[in-house]
Amino acid sequence: MTFYTYMTRNYLNEDSPAGDLAQDMRHEKETFPRNRSCKFDGWYQLIRSYLLRKNACMECLATFDECWEEYVRCEKKRLNNNLQRQ
């Protein structure tokens with residue numbers, strides 16, 4: 001799952017900083033960077049640089065950092081579970 005998909009599925013309708021980020025991402029769905037599933041290397045910095053170019057506030061950047069860490073943990077857990085089933 002991409003970070004974009006993760007955020008819109010989990011936070012789009014939430015009234016929180018993560019929900020605000022997900023709504024902003026959806027609003028910019030044509031230009032927001034999308035990693036491939038399970039591709040993490042370099043994507044954190046690419047997305048963070050995109051947010052900085054869009055003049056994201058410090059709270060938004062902190063929310064992104066937290067959500068990215070959560071996303072990576074969830075994806076790695078999902079991958080590990082899939083490997084154990086095989």
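# Chat about a predicted model

A polar contact of 2.7 Å links the side chains of glutamate 75 and arginine 78.

User: Where does glutamate 75 sit?

Analyst: Glutamate 75 lies in helix α4, which covers residues 58–85. Keep in mind that this is a predicted model.

User: Is glutamate 75 buried or exposed?

Analyst: Buried. The relative accessible area of glutamate 75 is 2%. The cut-off for buried is under 20%.

User: And what is the mean pLDDT of the protein chain?

Analyst: The mean is 92. Of the chain's residues, 98% reach 70 or more.

User: Which elements have the lowest and highest mean pLDDT?

Analyst: Helix α4 has the lowest, with a mean of 91. The highest belongs to α2, at 97.

User: Back to α4. How do the axes of α3 and α4 cross?

Analyst: They cross at roughly 160° and come within 11 Å. Helix α3 is residues 43–53.

User: What does that make α3 and α4 to each other?

Analyst: Roughly antiparallel. Angles over 145 degrees count that way, so the roughly 160° crossing of α3 and α4 qualifies.

User: Left-handed or right-handed crossing for α3 and α4?

Analyst: The crossing of α3 and α4 is right-handed.

User: New topic. How many disulfides does the structure hold?

Analyst: It holds 0 disulfides.

User: Why is cysteine 60 not in a bond with cysteine 57?

Analyst: Because the distance is too long for a bond. The sulfur of cysteine 57 is the closest cysteine sulfur to that of cysteine 60, yet the two are 5.5 Å apart. A disulfide needs the pair within 2.5 Å.

User: What about cysteine 74? Which cysteine sulfur is nearest?

Analyst: That of cysteine 67, 10 Å away. Cysteine 74 is in no disulfide.

User: How accessible are cysteine 60 and cysteine 74?

Analyst: Cysteine 60 is buried, with a relative accessible area of 16%. Cysteine 74 is partly exposed, at 37%.

User: Now asparagine 13. Where is its place?

Analyst: Asparagine 13 is in the loop between α1 and α2. Helix α1 spans 3–11 and α2 spans 17–27.

User: Does asparagine 13 count as buried or exposed?

Analyst: Exposed. Asparagine 13 has 77% relative accessibility, and the cut-off for exposed is over 50%.

User: What separates asparagine 13 and proline 33?

Analyst: Along the chain, they are 20 residues apart. In space, their C-alpha atoms are separated by 21 Å.

Key:
Residues numbered from 1 in each chain as written. Predicted model: local features only at pLDDT ≥ 70, side-chain atom pairs only at ≥ 80, totals over all residues. Heavy atoms only, no water. Buried < 20%, exposed > 50% of the residue type's maximum accessible area, 1.4 Å probe, protein only. Helix = DSSP H or I, 4+ residues; strand = E, 2+ residues; numbered from the N terminus. Polar contact = N/O pair within 3.5 Å; in protein donor to acceptor, adjacent residues only side chain to side chain. pLDDT = per-residue confidence, 0-100. Axes fitted to C-alpha atoms, helices over the stretch in contact; angles between N-to-C directions. Parallel < 35°, antiparallel > 145°, perpendicular 65-115°, else oblique. Left-handed = near helix turned anticlockwise from the far one by under 90°.
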